[in-house]
Every structure is written in structure tokens, then in C-alpha cells.
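Q: Could you take me on a close look at a single part of this model, and then lead me onward from it step by step? I am in my first year, so please explain the terms as you go.

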Amino acid sequence: MKKIVAFLTVALSLGNLTSCNQDFLDKQPQDQFSETAVWNDAALIQTFINNTYRGLGHGFNNVMFSTYSDESMAVWGPVVNVTKGLINASDINDWAYDRASYFVWDNVYKNIRATNLFFSKIEEATTLDAATKDMYKGEEHFVRAYLYHNLVSVYGGVPLVTEAYGLGEEYSMARNSYEECIKFIADECDKAAALLPVTQSAANTGRATKGAAMALKARTLLYAASDLYANPTWSAGYANPELIGYKGGDRAARWKAAKDAAKAVIDMNVYSLNAPNPVTLADASKSRADMFVSKQSPEDIHVRFFLAKLDNDGAWPGRSNGPNGYHNWGGIHRLASWRMIMK
């Protein structure tokens, strides 16, 4: 009987070895989705797009961008050093810079790569109808335009990357001229406006609209038409002035393009002033106050919304940077105040 049991044990063991699934170690990662899974799932595609919106940034970071000039000083950790009321620029470290990450070169290009990846994959998505694909394309044209708008506002001409490069490819690219970058952003806005709806449904509140794309174009062209970028005299001696402004061209035409772009937004008749005709001063004061406690107003063109419990997304401007006092941290100080104190 023992011999029979032993024989059956060996036989079963051999059977298990020969019938074992050789791919049992080939598991899907638990912390990410595969490329195939994303572009074949409507919900994951929308999540992918949602994530690119986070690259747009907002003005309520703990460390605001004014701290990288002599306008103000951040007090978060070892961010700055005040000596005789002045910032020591060398002490503005990487930690501080990262807090305004929507302007940082590598972070913005990471999100630009995501939009480029979207355009390379969206036609493969069989779970979306044509109308939804068009709207998503419009959103990503808007996001890519906004990302480049942020880059150009800080760095001037930057490399215009429209491909999602993979590992082992050649990544070196020359910077495009300032003029080329402005044209690219404006063209992206035009493409977005042609595909986006005038308004979004309640479920899609916060997504890009036709008006948002048109307004971004108007802002971009307005900035580009300013004196700062018209044959900038402050760049004397710089070897590549085309990277930081226009080299010649018709300034009047640039101002007109900015004016026409802004007028196009107005002519949509979608946006208006909030309570534009107050009867009394008290009415005017109330309408002004209402702007700060209302989630939306008729003046809104594109709005960034925050989740109430998302504490790590910089959505607490009052607490982080409000005056010292109850629940306020006083994180950003105007240097004028510091200079007065130092005296």
C-alpha cells in the first residue's frame, strides 16, 4: 500500500511540473496600466487626459513665482537668505523651484510628452466615437498650447517637440525662435478652438472650451506684441536675440492680431461682467465680494477647480500665504516690508 501511495505522489508531482503555466511570473504591474490597456479603455483614456491638465499649474502654490525675483521672499525652509533686506539669489534652491513646477523645464516637457503620446495613440482607440475623439483632441491641443505658453513666458524660444520620443532615440534639439514658438502656440489654439464645444456639461466642468482656446491665443499674442519682445534693446550683446524676441517684423500687425483675437472672444457673447450695473456703492461692493465666494461667475473663461480634501495640490492659498494669524502661515513676504523692517 505504501508503494502505491508513493507512486501516486510521484505521478502527481510530475503531472504538476509538466502542466505548470510557464508564464506564471509574467504578471501585470499593480501600480500602473499597460499602454495597451489604456488605449483600449474609455475610462483610462479620460484619466490619461485628466492627468495632463495637472501640468497647467495654478497661481496658488506655497512658493509663488515672485520669489525668484526681488519682488518677494518665501519663508519655507532654506529657500532664501535675507541679508540687509535683499535676497541672495544663489540660495534659491531646487526645492523652492520645484514648488512652482508648472514653469520648470523638465516637468513641463514631461507633460508635453504626454500630449504627444496622446496624439500618437488616439486613433487606435476603438472604444471612443468620433465626436468624443475630436473633443479630446481639442483638449490636448489646448493643454499643449498652454504648456508651451508657460515655457515661452519664462525661457523665450524653446524646442518645439511634437513627438513622444522613446528610449534610445536622439533627443538633441535646437531651440526654436521666439517667433516660431508664438506661431506654434497660436496654431495649437486654433486647432483646439475648432474641435472644442462652446460650453462643457456639468460633468465636464473645468475642461477646455472653445472660448478657453481662443482666450489663450489672445493672451499669447498680446504678450508677444508688447515692447518687451520687440527688438529688445536689453539683449544687446546677446548672441541669439531671436530666442528672446522678434527680430524686426510689423509691430502694428502683431498688435492688430492680438486685438482681433481678443475681439473674437468678446464676439462669442458667452462671457460678461459680473453684475456690471450696480445701482449703489453697496451693490458694487457686494458683487465684488461675491466673486470671491462663488464657484463660478459669468466672467469665467477657464477655471481650475480643486478637490476640497486635496491638501497636496496647493489649494490652500489663504492658509499658506495669508498674513500671520489664526490658521495663516504668512509664507510669502513682500520685500518692501522686509526692507522697512531691516531699516
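**Starting in a loop**

A: Let's start with Asn 269, which counts as exposed because its relative accessible area is 68%. The cut-offs are these: buried is under 20% relative accessible area, exposed is over 50%, and partly exposed is in between, with a 1.4 Å probe and protein chains only. Before going on, please note that this is a predicted model, in which local features need pLDDT of at least 70, side-chain atom pairs count only at pLDDT 80 or more, and totals for chains, interfaces and linings use all residues. Residues are numbered from 1 along each chain as its sequence is written, and side-chain values use heavy atoms, with hydrogens and water left out.

You will find Asn 269 in the loop between helix 9 and helix 10, the latter covering 281-293. Helices here are DSSP runs (H or I, at least four residues), as are strands (E, at least two), and the numbering starts at the N terminus. What is the phi of Asn 269? The value is positive, about 55 degrees, although Asn 269 is not a glycine. Most residues other than glycine have a negative phi.

Now look at Ala 275, which also belongs to the loop between helix 9 and helix 10. Ala 275 is not a glycine either, but has a positive phi of about 45 degrees. With 41% relative accessibility, Ala 275 is classed as partly exposed.

From this loop we can step back into helix 9, which spans residues 251-266. One of its residues is Trp 255, and because its relative accessibility is 37%, Trp 255 counts as partly exposed.

Helix 9 also holds Arg 251, and this residue takes us to charged pairs. Side chains of opposite charge can pair when their charged atoms come close. To count as a salt bridge, a side-chain nitrogen of Lys or Arg must be within 4 Å of a carboxyl oxygen of Asp or Glu. Arg 251 has such a bridge with Asp 227, and their closest N and O atoms are 2.6 Å apart. Asp 227 sits in the loop between helix 8 (210-225) and helix 9, so its pairing with Arg 251 ties together parts 24 residues apart in sequence. Arg 251 is partly exposed at 31% relative accessibility, whereas Asp 227, with a relative accessible area of 56%, is exposed.

On the other side of our starting loop is helix 10. There, Lys 286 makes a salt bridge with Asp 290, with 2.9 Å between the closest N and O atoms. Both residues belong to helix 10 and are four residues apart, about one turn of the helix. Lys 286 is exposed at 51% relative accessibility, while Asp 290 is partly exposed with a relative accessible area of 26%.

How many salt bridges does a search of the whole structure find? The count is eleven. Among them is the bridge between Glu 123 and Lys 137, whose closest N and O atoms are 2.5 Å apart. This pair links distant parts of the chain, 14 residues apart: Glu 123 is in the loop between helix 5 (105-121) and helix 6, and Lys 137 is in helix 6. Glu 123 is exposed at 51% relative accessibility, but Lys 137 is buried, with a relative accessible area of 19%. A network of salt bridges links Glu 123 and Lys 137 with Lys 133.

Helix 6 leads us to the way helices are arranged. The axes of helix 6 (residues 130-155) and helix 7 (residues 178-195) come within 8 Å and cross at roughly 155 degrees, so these two helices are roughly antiparallel. Helix 6 and helix 8 pack at about 25 degrees with axes 10 Å apart, and are therefore roughly parallel. Under 35 degrees counts as roughly parallel, over 145 as roughly antiparallel, 65 to 115 as roughly perpendicular and the rest as oblique. The crossing of helix 6 with helix 7 is left-handed, and so is the crossing of helix 6 with helix 8. Left-handed means that the near helix is turned anticlockwise from the far one by less than a right angle.

Our last stop is Leu 56, in the loop between helix 3 (42-53) and strand 1 (72-74). Leu 56 is buried, with a relative accessible area of 7%. Its C-alpha atom is 9.1 Å from that of Arg 144, although Leu 56 and Arg 144 are 88 residues apart along the chain.

Methods. Axes are lines fitted to C-alpha atoms, for helices over the stretch in contact, and angles run from 0 to 180 degrees between N-to-C directions.
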